[in-house]
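Student: I have this one open on my screen and would like to walk through it with you. Could we begin with the open spaces and then move inward?

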Amino acid sequence: MHNPIIITGGTQRLGLAIAESLHKNGHEVVVTYRKVKACHEDLANKGIELVQADFSTQQGIDGFIQHIKQRYTSLRGIIHNASDWAAESGNSDPSELFMRMMQIHASAPYQLNLAFQSLLIQDDGVTDIIHMTDYVQEKGSKKHIAYAASKAALHSLTLSFAASLAPKVKVNSIAPALLMFNDHDSEDYKQKALKKSLLEICPGAQEAVKAVNFLLDSDYVTGRTIHLDGGRQLK
C-alpha cells in the first residue's frame, strides 16, 4: 500500500464528501476521526482507512505521525480539514480556548507537514498539501476570536510551506464561508445567512470537493487560497 491522500477530520460534512469523492476517483484514502460515527462502517467497507486521532493533544498528533510512518513510504497528499468551531463564552477559559484552537488548526498541520515532508517528496510526481482555512481568516470574527486567529495562522503556514517545499510539493488553501447548514439551523437563521453573500445560496459540500479536485489536478498553482464565499467580501 502506498501513495494515499490523508484527510484529517474526514468522517463528516466537507471532509466526508471529499474522502468519498477521492476514493471514487481511484485514490487511496486515509481519514482521521475523533469519535466513531455511523458512516465508519460504510467507509471501511469501501476500503478507506480510518485512524482515530485527537489533534487537540500532542499525544494524538505524535501517535498519528508514528502510525503513518510505519505504514507508508510515500504520500500523494494531505488535506488538513480537522476543525473545532469553538466560540468565546462566559464559561470558557480564554487561555485554554486559544491554545486548543491553535493546536488543532495550526500546530497539528505544522507538525504533520514537517513530519511527512519526506513521504510527500518520495512520491513519483508533484504532491499536494491543502489547508482548509476559513472566510474569517481575513475578516476576523466577533464571536469566534480564537478560532479566526488560528485559521489566519493556518493561512500563513500555507505561504511558508509553499515556499519551503517547492517545487516538489504544492501547498494551497481553501477558505469556505457558508457551504452547508447544520440540521438544527432554523429557517430564520438560514435566510439571514444566505443574505450575507452576493450569490445568496448554500451550495453544499460539493463546492469544496470541486476546489480540492482542481488543486490536485493543477500543475501551476501553489501558495494560493481558493475563496468559496459567494462574493461575501463585497457585501
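Student: Which helices and strands supply at least two residues of the lining of the largest pocket?

Tutor: Bearing in mind that this is a predicted model, the elements that each supply at least two residues of that lining are α1 (13–24), β2 (29–33), α4, α6 (136–139), α7 and α8 (187–194).

Student: What volume does the largest pocket have, and which residues are the closest to its centre?

Tutor: The volume of the largest pocket is about 1,700 Å³, and of the 49 residues lining this pocket, the closest to its centre are Trp 85, Asp 134, His 144, Tyr 147 and Ala 177.

Student: How does that lining divide into nonpolar, polar and charged?

Tutor: In the lining of the largest pocket there are 18 nonpolar, 14 polar and 17 charged residues.

Student: And how much space lies in the second largest pocket?

Tutor: The second largest pocket holds about 210 Å³ of space; it is lined by 16 residues, of which Leu 178, Ile 201, Pro 203, Asp 229 and Gly 230 are the closest to its centre. Two or more residues of this lining come from each of α8 and β7 (225–228), and the lining as a whole divides into 9 nonpolar, 3 polar and 4 charged residues.

Student: Back to α6 for a moment: is Val 136 buried or exposed?

Tutor: Val 136, whose place is in helix α6, counts as buried because its relative accessibility is 15%, and the cut-off for buried is under 20%. Leaving out residues up to four places away in sequence, Val 136 touches Ser 141, Tyr 147 and Ala 148, and of these, Tyr 147 is also among the residues closest to the centre of the largest pocket.

Student: Now closed spaces. How many cavities of 30 Å³ or more does the structure hold?

Tutor: The structure holds 1 cavity of 30 Å³ or more, and the volume of the largest cavity is about 60 Å³. Its lining includes Thr 8, Phe 55, His 80, Met 132, Lys 151 and Leu 154, while α4 and α7 are the elements that give two or more residues to it.

Student: Which element gives the largest share there?

Tutor: The largest share of the cavity lining comes from α4, with 5 residues, and by class the lining has 8 nonpolar, 3 polar and 1 charged residues.

Student: His 80 caught my eye. Which histidine is in contact with His 80?

Tutor: His 131 is in contact with His 80, and also with residues including Asn 113, Leu 154, Thr 158 and Asn 172. His 131 lies in strand β5 (residues 127–132) and is buried, with a relative accessible area of 0%; a polar contact of 2.7 Å joins its side chain to that of Thr 158.

Student: Last topic, the nonpolar interior. Which residues have the most contacts inside the largest core?

Tutor: That core has 28 residues, and those with the most contacts inside it are Ile 6, Phe 55, Phe 64, Ile 68, Leu 75 and Phe 116. The elements that each supply at least two of its residues are α3 (58–71), α4 (94–115), α5 (117–122), α7 (145–165) and β6 (169–176), and α7 gives the most, with 5 residues.

Student: What does Ile 68 touch?

Tutor: Apart from residues up to four places away in sequence, Ile 68 touches Ile 6, Val 30, Leu 75, Phe 116 and Leu 119. There is also a second, separate core of 27 residues, which includes Val 29, Met 132, Leu 216 and Val 221, and Met 132 is one of the residues lining the largest cavity as well.

Conventions: Residues numbered from 1 in each chain as written. Predicted model: local features only at pLDDT ≥ 70, side-chain atom pairs only at ≥ 80, totals over all residues. Heavy atoms only, no water. Core = buried A, V, L, I, M, F, W, Y, C linked by side-chain atoms within 4.5 Å. Buried < 20%, exposed > 50% of the residue type's maximum accessible area, 1.4 Å probe, protein only. Helix = DSSP H or I, 4+ residues; strand = E, 2+ residues; numbered from the N terminus. Contact = heavy atoms within 4.5 Å. Polar contact = N/O pair within 3.5 Å; in protein donor to acceptor, adjacent residues only side chain to side chain. 1 Å grid on protein atoms, 1.4 Å probe; cavity = no way out; pocket = protein on both sides within 12 Å on 5 of 7 lines; lining within 4 Å. Points joined across faces, edges and corners; volume = space filled by probe spheres on them. Nonpolar A, V, L, I, M, F, W, Y, C, P; charged D, E, K, R; others polar.
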